[in-house]
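This report describes selected strands, helices and chain contacts of the model shown below. It begins with a strand pair and then turns to a helix, a chain and the interfaces.

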Amino acid sequence: MNLLIDLTLLTGILAIAATSLLSRSLFQSVIFFILLGLTLALGWIRLGAPDIALAEAAIGAGITGVLLLDTLGHLKKTGKLDKDEHRPSYPRLLLAILSSVTLVVLLLWAVFHQPTPAIQLHLLVEEALPDSGVSHQITAVLLNFRSYDTLLEVGVLVLAVLVGLALQTDQHQQDSLPGLPNPLLHACLTLLVPAMLITSMYLLWAGSDRPGGAFQAGAMLAAAFILLHLSGIKLSAQLSHRMMQFGLLLGFTVFLVVATSSVIGGRPLLAYPDGGAGLLILLIELALTLSIGLILLSLFTIANSPPLSSRSGGSNGH
Amino acid sequence: MDTNLIFTLGGIGLCGLGLFGFIYHCHLLRRLIAFNLIGNGTFLIMVGFAQRGQGVTDHVIQALVLTGIVVAVSATALALVLIRRWFHLKGSTQLPEDDAS
Amino acid sequence: MNMILSPIPWLLVIPLAGAVLTMLIPLNWRSPASMFGLLTQLLASLLLGYQVSQYGTQIYAMADWQAPLGIALRADGLATLFILMSSLVATACALYAHLYLNLTKRGHFWPLLWFLWASLNGIWLAADTFNLYVGLELLTFAAVGLVAFASDERSLEASIRYLYAALLGSMAYLLGVALLYGAQGTLAMDSLAETWHWGPTNQVAITLILGGLLLKTAVFPMHTWLPPAHGGALTPVSALLSALVIKASFYILLRFWVEFEVYRHLPSLSQLLGVLGAGAIIWGGWMALKQTHLKMVVAYSTVAQIGYISLMFPLLTAENSEASLMAYHGGILMLLAHAFAKAGMFLAAGNLIYCTGKPDLASLAGMSRYRPLNIFAFGLAGVSLMGLPPSGGFNAKWLLLQSSFLSGQWWWIVVLLIGSLLSAAYIFRVFAYTYQETEATDSFRRPPITIELIALCLSVASILLGFLSIWPVNVVSLPGPFMEAMP
Amino acid sequence: MTALVILQSLLLISGALMFVVGSIGLLRFPDTYTRIHALTKADNVGLGLIIIGLIPANFSLLVTLKLLLIWLLVMLASALSGHLVAWEARAKQVPLAPSEGESNDELTD
Amino acid sequence: MNWTDSLPLAVLMTSFLAATIIFMLPEQKHILRSTINLGAACIKIILIIFLIQAVLQQNYPEVRLEVLPGLDLILRADSLAILFAGLSSVLWLFTTLYAIGYLENSPNRSRFFGYFSLCVASTMGISLAGNLFTFLIFYELLTLSTYPLVVHRGNTASIKAGRTYLIYTLTGGVVLLLGVASLYALGGDIAFGDIERTAALVGTWPELMTIIFILLIAGLGVKAAIFPFHGWLPTAMVAPAPVSALLHAVAVVKAGAFGIVRVVYDIYGIELSWQQGLLYPIAIIASFTILYGSWRALQQIDIKKRLAFSTVSQVSYILLGISLFGPLGTIGGLVHLLHQGLMKVTLFFCAGNYAETLGIHKIHELDGVGQRMPFTSIAFTVGAMGMIGLPPVAGFISKWYLGMGALEANMGWVIFILIGSSLLNAAYFLPVLKRIWFNPQQGSWPHERVSNCRDAIPLLLIPALVTASLSIAAGLFASSILSPLGWAELITLREYLR
């Protein structure tokens, strides 16, 4: 029975992926890509990875999908979407087929000759878990054992926003999307947004002993922000530019300060003081959640606002 | 055929499809989708393959995949910002093919 | 060693903090704050250089968790040398950028630079495969941002190309890491090396990792993204990219190659890398010869130089340890000389373009009369790139030649020598333009003398390296896991 | 016990059938407005049936409440999104019932 | 550590420092620049005199720097080094003087003199190099620093000439690099004079060592302008006259010849080279080049071109001398290194004077110039007579020893080469002399610049007269120990007694 489900999912995933790749219509591609994300979330559940499932649904499918759709809508409004698509050349097709087949064959070969791993890292994780300050293994790995990776990863997120900001010639961003002045939407939002905020906080809190954590919570927060944004309530207009920037950097800064304080306290970088791990991790996660929410929102709004160098006159026509 | 192996194979399939699309397509958005396919495939392989080897649920690799997903979405967002700027300047959704990659 | 006194965490914390700080504070405070940061970085890297040369390789357990579970950092001789190199080059480029860019651009430049620097230091010190992935992504984003922020068509196109190539490269790398983890259950380089198992899985993993890194290093024929990106960016950015950024992926490649003894088990792959290197030398040189824009000449020269550096792979053979050591030294020296020379050359080229206001070679006529110091800087850098003595480039080439002789692979000698002539051809071609005395207008803009001096300093460093080669060679030979794995 | 299983199966299967019907409707209906109709109504009913079918499987109050909350939220979301699509379509004056069916590309964000 | 040990470095540094300072100086500071130039030249000569003293006392100052593991940069003053360093430093002084006069009121002097000093620094490096690696470094540096001088004028012709020059010399450099690198790969770091090591290597790999010998000679032969690698030399004539002097007499061509001397004497050793039959081919090529160069010189109508082909021919005398096994031949070759430098520099100075003062470039324009510019013409006559080999000018000494050496080495046919070449020399120089002194002036001068003066301006005239007198003095006082001949005999003695 389980095998059947797995195989069905496998077929579904591959079929959806192929469709999203080869569909003539770009819109369809994007929709199928989002669908793929959702299907994959099911797959992650089957793989025993509910954390990833949450992240995949919220970030992989949700945020990425919204970003793609938004861009698509933007391109479409300018009205040049599918017209200038050349059909790729024949050698390119050949190269593509050749390299992809090579990759698949190599990977299959590798997978079917898997040796037994000499090191069982999960045993080490279980052994060290009591000292980590949290009882959920993934959170322990992300924010304690391998917190350095996470620090850099948050850096990557900040950097993405930074590049977006640097490409904006004007500091005060203007949004091209007028909000939807729909009364029903606003009415529902008053209901939905608090629910999303609560869920987000729940996810954050849950992260210490079960699936959930800063990234999922941040994605949920971002979803709420984006929803608000789309309905015309501009968070960035409410906050001052400086406040916004501070919010974006809050998580990274808190993380960095905690990391540095441990060096000043004579411990290695990122080592939490005895007994303080749980609290510090929660602090970091709280700050991260807010920042990730704002970062993902900013990535959305930055992509949305036109460059104000405005060499092209037609960019403000919507 | 256990679940881990099946999804590892799914990941391989996604990687293959993604690579094909990445090379084949010229449209920048399509290539971005293809890149995300490769990414998703890689994540599936990461977890499936590791858990197949370990024989249990491996939380370390799952944590790494979480990191990977976040990095991938940042990459997508960054690429989209660049693509939209490019579109504003040139009105095109693909790069000129003088000596394309 | 006392944990507080170790400069290793500061090498990471200072740039990251610099990035945050320069994003938050007002535009006109960003440069002074960064100057302070530059100083501390230089001090920290010098301190590390001192400690490593005194006490040997240092291991730093992040968050106090030992290696397979946590992430370890490792400062061996190689890492130390690269940290010093990046500190020097990045400082020079940063000073240059401070003088070259206007206030707004500068404001955006600083946080990107600090992120770039943090990722570089992170990569040099990393001893964990997944950590390297995150570091690579951080590096890619910072570099793409730096290319793109000129905000014109060329740089935007270049940055998109670069981003796509780099993303594909990192994915291939990650896939390889996934396979390694599946096969061995660990991510730390040291424990991977200890439990290494040359099965099909590891071979495929290594192939993928190498492929991804080669793409990121822009090794021929996967170089097509490089010249537009390096030629189209703003001058200090071009210098940073060519001098440091491509070295990062190469560095990882080298670590994998040696620490997992790939050279011993996949000798055909090393010959393949050599052939690619030879292709890069000849194709890059030839393309540089055909360019009409000054910075494109310099950018294609980077393609060719990467070729030289990758010639060290076929020479790192298991059979002849003396030849391998020479190849290793030669390659590292080449890399170091290229970092200084190419940064100097890009900066000098940028100054020339600033003077003439046009990017093409033909408008350089008379420049050697008008800006002799600048041409001299360009020329000194050129000497090192051509591999003419006395320069770091020559010593490197000498070592590679010796290594080819000793290991009996004479065909690389031919490549090396042809490459020298080609590079001489394209560099002297630029020179010939600057010596032309035409009737053209003399309305040149005058760059501040300071930015010319920065270019000159870097070029002179590449020449001085020719006399001080023994020091880097000794540093990279300090004992450590890397040297133990050398043939 | 068996009766419960049969009831459950019936509920689940009919729920799934409702989804199928909704999907067919999405593909076959001629214009945006009717498609919304197919999508939201059929799917909400289908989901409801499935959720009711799932409740007895391993009864606990907390799980039941969660499942019902899911249903509620999905209904809210689909009602809202259906409304928005229709609203936007009308604002853009998408024709009501074209004679030929065409690709569903006109669904925009 | 003796204080004399730092002397080689000091010799090198005088011109390096001069070059650096000159690069930094603003274009307008002519007087300061000239002072620095001449001051450095004088200091260098004084330092060389100290070195000569040291070498006479059998004390060879040496500086070492480890560049790479097992690879040293060595600066060492042995007697052969002093021979070349002395020549270059003396000629540099006069060439600098001449250049200051020649380039008066022309643009880009800062650049010119900077590279000029750099060029001399590399020549010093070449002469003081203690092993092939060091030699190679400075040899390539010489190429680099002469390129800007060749293209100095910046017109199409000079840029083209620069390209030709580079193609020849860089290719030569690559061949040399290949030779040196292979030698090092076989035997490690071989210092000059360490011929036992080479002998052992030749015993192990005779064929390889022969190939390396050929590579080394071919690489060096490009700069020494041996046939068929001589093509760059006449082309490079578009450069200003002081540069031509530098290329032909002081630095470039000599560096090639000197390198060959080093390879034959101090790497392979003369006896070993002779036994391996490596010298005979050199003798043949040198002989051919001598005749060929003279023959081509005869056909030129441009003064500087004729002088250029004459150089091609004359430098091969040096090679011929080296290839004759036996002390007399060696002395002839070595002494010609100096004599040719003195005489050829005189000739180029004079050619430059004619061109600068009266705009004369072609031979037929020289008619009657002896009346108009007597001093320059006297100097030219001395140089030309020396080239033909007439006593008492120094050229006679060299040819005499070469002839004797040929007899000693049982290569009598060389005598005929010498006679033939002397006849050819006479054939292309005597008509020129006749035109200068005996033909009447034909119309006005092509481009008369200085009309109020009897001859060229003093700054141009004095160097020519001094070098001309030196070439006579070298012939007259040949028996003194400090004369070129005396020094060459000293070297030869030490070489053959080894």
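In chain C, C:Tyr60 stands opposite C:Leu73, a residue of strand S2(C). The model is a predicted one, in which local features need pLDDT of at least 70 and side-chain atom pairs count only at pLDDT 80 or more, while totals for chains, interfaces and linings use all residues. Residues are numbered from 1 along each chain as its sequence is written, and chains are lettered from A and ligands numbered from 1 in the order in which they are written.

**Strands of chain C**

Helices (H or I, at least four residues) and strands (E, at least two) are DSSP runs, numbered from the N terminus. Strand S1 (residues 58-61) of chain C pairs with S2(C) in the antiparallel sense, over four bridges; strands pair if DSSP finds at least two bridges between them. S2(C) covers residues 72-75, and both of its faces are covered. C:Ala72 and C:Arg74 lie on one side, C:Leu73 and C:Ala75 on the other, and all of these are buried. A residue is buried if 20 or more other C-beta atoms lie within 10 Å of its own, exposed if 12 or fewer, and partly exposed in between, with C-beta atoms placed from the backbone. In a regular strand the side chains alternate between the two faces of the sheet.

**Helix H10 of chain C**

Helix H10 of chain C comprises 25 residues (235-259), and 25 of the 25 are buried, so the helix is largely enclosed by the rest of the structure. At 1.5 Å a residue H10(C) should span 36 Å, which agrees with the 36 Å between its end C-alpha atoms; the expected span is 1.5 Å times one less than the number of residues. H10(C) nevertheless bends by about 40° at C:Leu241, the bend being the angle between axes fitted to the seven residues ending there and the seven starting there. Just after H10(C), C:Glu261 takes a positive phi of about 50°.

**Chain B**

Chain B contains three helices and zero strands, in the order α-α-α from the N terminus. Its radius of gyration is 16 Å, well over the 13 Å that the globule rule gives for 101 residues, so chain B is more spread out than a compact globule. The radius is taken over C-alpha atoms, and the rule is 2.2 Å times the number of residues to the power 0.38. The C-alpha trace of chain B spans about 50 × 25 × 20 Å along its principal axes. Of the 101 residues of chain B, 82% count as buried.

**Chain contacts**

Two residues are in contact if their C-beta atoms, placed from the backbone, lie within 7 Å. Of the five pairs of chains in contact, chains A and B share the most contacts. In the table, Ala, Val, Leu, Ile, Met, Phe, Trp, Tyr, Cys and Pro count as nonpolar, Asp, Glu, Lys and Arg as charged, and the others, Gly among them, as polar.

| Side | Residues in contact | Largest contributor | Classes of residues |
|---|---|---|---|
| Chain A, touching chain B | 80 residues of chain A with 66 residues of chain B | H3(A), 13 residues | 47 nonpolar, 21 polar, 12 charged residues |
| Chain B, touching chain C | 33 residues of chain B with 28 residues of chain C | H3(B), 14 residues | 21 nonpolar, seven polar, five charged residues |

Helices H1 (3-24), H2 (28-54) and H3 (59-90) of chain B each give two or more residues to the side that touches chain C. Chains C and D do not touch, and their nearest C-alpha atoms are 26 Å apart. Chains D and E likewise have no contact, with their closest C-alpha atoms 64 Å apart.
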